[in-house]
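The following note sets out comments on the structure shown here, as numbered points.

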Amino acid sequence: LGFLPKEAASIAIIGGADGPTSIFLTAKLAPHLIGPVAIAAYSYMALIPIIQPPIMRALTTRSERLIHMPDPRPVSRKELLFFPIVGLLLCCFLAPASIPLLGTFFFGNLMKVSGVVDRLARTASSAIIDTATIFLGFTVGASTQADVFLTGKSIGIFFLGAVAFSIATGSGVLFAKFMNLFLKEKINPLLGAAGVSAVPGSAREVHLVGQKEDPSNFLLMHAMACNSSGVIGSAICAGILWSFNM
């Protein structure tokens, strides 16, 4: 379609529905596209209630949407502390290039669950992230000059971003259905749609679609687990794409 491999990789990561990850990868591979890619990524995060529910309903049967999930088990403090450490080590082996993204994610998680640096955790989750968001908005806005943004390529990026996000949603649902072929305790396939990085929008939509079929079916916490893994997965994908295109 006229895009170079590095540009294609930057567009493909939009499917993960993770704005910061899309910006990070595009800044490394195709900085001239950072404006259109960033706006496309955040646009599809806002369009989750429009894009995802039709795909979820089209790929699942009513009986699948009615599947109830068991209550989440209690998680020990030791597990909470080991998760960010083990997760970071595994990600180092899988995609070392994703460490700038996942390192901060797991570090913030460790600060929160450790319980010994509450002031730092509160600052990181409020003042620091708000400041970073403001600067992010300024820099993305400054990179959307008319000669760069108002082009045919930008329209193509928006279209391909929608395709990538739709494929990501559908793939998650279909993979959950595939897993059910081998599992005794079936998974509600709707949860697969939350396997993108749009936290908590995708988890909320999964919960709402499930509740439309059965108001007593509460999928939110399980969907949030899929959503959180989507954050990690999209960062790993970005690291892999960066490694292949360096």
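1. In this predicted model, Glu 64 is counted as buried, its relative accessibility being 17%, a value under the 20% limit that defines the buried class. Glu 64 nevertheless takes part in a salt bridge: its side chain meets that of Lys 177, with 2.9 Å from N to O. Lys 177 belongs to helix 10 (residues 152-180) and Glu 64 to helix 5, so this pair ties together parts that are 113 residues apart in sequence. Lys 177 itself is partly exposed, at a relative accessible area of 23%.

2. Helix 5 is involved in a further pairing. Arg 62 and Glu 213 form a salt bridge in which the closest N and O atoms are 3.0 Å apart. Since Arg 62 lies in helix 5 (residues 62-65) and Glu 213 in helix 11 (residues 201-213), the pair links parts that are 151 residues apart in sequence. Arg 62 counts as partly exposed, with 49% relative accessibility.

3. A third salt bridge joins Arg 73 to Glu 79, the closest N and O atoms being 2.7 Å apart. Arg 73 is classed as exposed at 55% relative accessibility, whereas Glu 79 is partly exposed at 33%. Elsewhere, Arg 62, Arg 65 and Glu 213 are joined into one network by salt bridges that share partners.

4. The charge inventory should be read alongside these pairs. The structure holds 6 salt bridges. The protein carries 17 positive and 12 negative side chains, and the centres of the two sets are 4 Å apart. In general, side chains of opposite charge can pair when their charged atoms come close.

5. As to the fold, the secondary structure consists of 12 helices and 0 strands, and the pattern along the sequence is α-α-α-α-α-α-α-α-α-α-α-α. The radius of gyration is 19 Å, close to the 18 Å given by the globule rule for 246 residues, so the protein is as compact as a globular protein of that length. Along the principal axes, the C-alpha atoms fill a box of roughly 55 × 45 × 30 Å.

6. How much of the contact set comes from residues 24 or more positions apart? Among contacts with a separation of 6 or more, such residues account for 72%. The salt bridge between Glu 213 and Arg 62, 151 residues apart, is one pairing across a long stretch of sequence.

7. Finally, on burial and surface: 42% of the 246 residues count as buried. The accessible surface comes to about 13,200 Å², and carbon and sulfur atoms contribute 73% of that area.

Terms used
Residues are numbered from 1 along each chain as its sequence is written. This is a predicted model: local features need pLDDT of at least 70, side-chain atom pairs count only at pLDDT 80 or more; totals for chains, interfaces and linings use all residues. Side-chain values use heavy atoms; hydrogens and water are left out. Helices (H or I, at least four residues) and strands (E, at least two) are DSSP runs, numbered from the N terminus. The radius of gyration is taken over C-alpha atoms; the globule rule is 2.2 Å times the number of residues to the power 0.38. Buried means under 20% relative accessible area, exposed over 50%, partly exposed in between (1.4 Å probe, protein chains only). Contact means heavy atoms within 4.5 Å. Accessible areas come from the Shrake-Rupley method with a 1.4 Å probe; for residues, only the protein chains shown count as cover. Lys and Arg count as positive and Asp and Glu as negative; His and the chain ends are not counted. The place of a charge is taken as NZ of Lys, CZ of Arg, CG of Asp or CD of Glu. A salt bridge is a side-chain nitrogen of Lys or Arg within 4 Å of a carboxyl oxygen of Asp or Glu.
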